[in-house]
Structure formats: C-alpha cells, structure tokens
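Colleague: I'd like a close look at one part of this model, please. Pick the pairing of strands as your way in, and then show me how the surroundings fit around it.

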Amino acid sequence: MNTNTFTVHVLGGRGSFNTDDKVIGGHTSCLAIYCGGYRLILDSGSGIISLNSEVLQEIKTHGSSESTLLYSHAHDDHLNGIPSFKGVYNPNCRLNIVGGLHDNLSIEDMWRELFKSPRFPVPYAFLGSKRNFVILMDGAKHIINTPNGDIEIEMRRMNHPGNSYGYKITFNGRVLTVTPDHEPHPELDKSLLQLWKGSDLLITEVQYTDEEYLTRKGWGHDHLSHAAAMLRETNLKRVFTFHHDPDHSPEQVRDMAIKLEELSGVRCDFTYEGLWLTV
Ligand SMILES: [Zn+2]
Ligand SMILES: [Zn+2]
C-alpha cells in the first residue's frame, strides 16, 4: 500500500433510517477513512457491517486489527451498527473510540446502552475487543501517531439535538473535513465555517431542500440555501453531500447536489455506497 494515501470509502450514506435503495445505498452513516495504512471509522451506522470481513481478515493475516472510531453523535443512525460489527467481540481487535459528550453522556455510556437487555442478548461485559474511550471537548485536537505520519483530528461542536460534532482530519498535508448532522445556528455556524475552511475535501450533510426545512426546523439538519451561503464564504474546491434523507430518491439526491453547486459556485457531488474518494 502507498503509505501516503489518504482515502475515504463510503459504507453508509443515508440519514435517519435505513432504506432499501440499491442505487446510492440504504445503509446509515459510516465512512472508512484510510490514512496510509491506518483506518479511522467515522460513525457506526449500519454501514459498519461492511467492514466485518476486512477486520476479520486482518486478524487472520496479521494476528490483530486496530481502528479509531470517531463519533459525530449518538443518534441511532450513527451508532446502532455496533452490535453487528464483529470486531467488538474479537479479543484481537483494538478499538480507540473518540467522541464528545451528548446530554452529558459519553459514547461509552451509549455503547453500554446498546448491549442492555432486553435491547440485545449479549451483555456489554462479554465484548472481547480491547476498547479505549477518549472524550474530547469542543475545539480539542487528538493526534494519532502512525508509522506513516501523524493524523491530526480537530473536533468542533455543531447545532443538533443532544449535540453533534464535526471533524477536520489532517494527514500528510492534506485535509478532510466531515460534518454530519447539524442545523443552522448564528454562533455555531462561525465555528463550522472555521472547520470547513482550508479543507481539500468536505463531506457534509444537506438533508433538506429549503421547502422541506420550513416544516422541519429543530430536527437538526441543514438545507440547501444555508449550506450554499456558508460555502460561498470558503474557497473550497470539492464538496460531497451525505446523510441523504431516506425519503429522497437517487434522482432527488443528485438534483440537490446540482442545486447546491449552482447556488454555491463550489463543485458538488453526492456520496453513494461503495464510493472511494481520494483526499
Ligand atoms: Zn443522523
Ligand atoms: Zn442526529
């Protein structure tokens, strides 16, 4: 593997809940991000199930597997793939789990909830993996030292019920920013803009059209004209939408990306399951 590569594999790009769409995919939020040979996983919606064979094969070949999971927040569509992720049961799987606080609960608290009876048959105490939970505060940076260079991760709080967090990831001089669920907010938008600026690639949610947003204020999501106005404040070259509304057809998702490009002047595309991007 080229040790300088910085790539993203889209494993789940739907927001809110799963769909049976086979064109752009129906799995909920999960991105696998490869910095050289090191794997970050952004959120564990149902898309994380697609990593099962890769992780088990690593353990078979190398004797162990390591990943760092970055959590935007603890809503089901970003969390509930974990009990189906085989790595959590394997003693040779090491998971560093990074996130902020959500209504004063940590990601570890939320993981424990997932395995509580009667929600799930396997108790949390039976998980075999080696887990290290890290709580970050708004604006904090987290560094991962790898043989191929440091990965710098900056986390910022966004406006979403119960809090959500966006991440700016720098590796080998390239910058990827991922901003899942967030809704316009006069103060937090300034922070969001700082996160977006200077990114070589931005992956962000724009779940609603302007018309849809009118009846969905407070649900925690961005809409086209607001995202476009923010993008016009940046010098970004490439933006991909994700966390697509489950009620949107692939054609609507495509049309929204076209509209966002028209309104913002920034090249916009949409993510789909199986897509690989180079940062
Ligand atoms: Zn979501
Ligand atoms: Zn959410």
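**Strand pairing and its surroundings**

Modeller: Happy to, and let's begin with one pair of residues: Thr-68 has Asn-96, in E5, as its bridge partner. This is a predicted model, so please read everything below in that light. The pair belongs to a longer match, since strand E4 (residues 65–70) and strand E5 (residues 93–99) run parallel and are joined by 6 bridges.

Stepping back from that pair, E4 and E5 sit within an open sheet of 7 strands, whose order is E6-E5-E4-E3-E2-E1-E14. The pairing in this sheet is mixed. At its edges are strand E6 (130–135) and strand E14 (276–278); each has a single partner strand, so one side of each has no neighbour in the sheet. From one strand to the next, the twist averages 20°.

Two loops that touch strands of this sheet deserve a look at the backbone. Between strand E1 (6–12) and strand E2 (30–35) there is a loop that holds Ser-16. Although Ser-16 is not a glycine, its phi is positive, at about 70°. The other loop runs between helix H3 (107–114) and E6, and Pro-118 is found there. The peptide bond that joins Ser-117 to Pro-118 is cis, with omega at about 5°.

Now for the other sheet. It is open as well, with 7 strands in the order E7-E8-E9-E10-E11-E12-E13 and mixed pairing. Here strand E7 (141–146) and strand E13 (267–270) take the edge positions; because each has a single partner strand, one side of each is left without a neighbour in the sheet. Neighbouring strands are turned against each other by 20° on average, ignoring direction. Inside this sheet, strand E11 (residues 201–205) and strand E12 (residues 238–242) run parallel, and 4 bridges join them. One of the residues paired there is Leu-202, whose bridge partner in E12 is Val-239.

Helices lie across these strands too. Helix H4 (residues 188–196) lies across strand E8 (149–158), strand E9 (164–171), strand E10 (174–179) and E11, and it runs at about 160° to E8. H7 lies across E12 and E13, and its direction is about 165° from that of E13.

H7 also has a helical partner. The axes of helix H6 (residues 224–231) and helix H7 (residues 250–264) come within 8 Å and cross at roughly 45°. H6 and H7 are therefore oblique to each other, and their crossing is right-handed. On the H6 side, the residues that meet H7 are Leu-224, Ser-225, Ala-227, Ala-228 and Leu-231. Their counterparts in H7 are Met-256, Lys-259, Leu-260, Leu-263 and Ser-264. By kind, the residues of this contact divide into 7 nonpolar, 2 polar and 1 charged.

To place these parts in the whole, the protein chain has 7 helices and 14 strands. Its C-alpha trace spans about 50 × 45 × 35 Å along the principal axes. A compact globule of 279 residues would have a radius of gyration near 19 Å, so the 18 Å of the protein chain agrees with that expectation.

Notes:
Residues numbered from 1 in each chain as written. Chains lettered and ligands numbered in written order. Predicted model: local features only at pLDDT ≥ 70, side-chain atom pairs only at ≥ 80, totals over all residues. Axes fitted to C-alpha atoms, helices over the stretch in contact; angles between N-to-C directions. Parallel < 35°, antiparallel > 145°, perpendicular 65-115°, else oblique. Left-handed = near helix turned anticlockwise from the far one by under 90°. Contact = placed C-beta atoms within 7 Å. Nonpolar A, V, L, I, M, F, W, Y, C, P; charged D, E, K, R; others polar. Pairing = 2+ DSSP bridges. Rg over C-alpha atoms; globule rule 2.2 N^0.38 Å.
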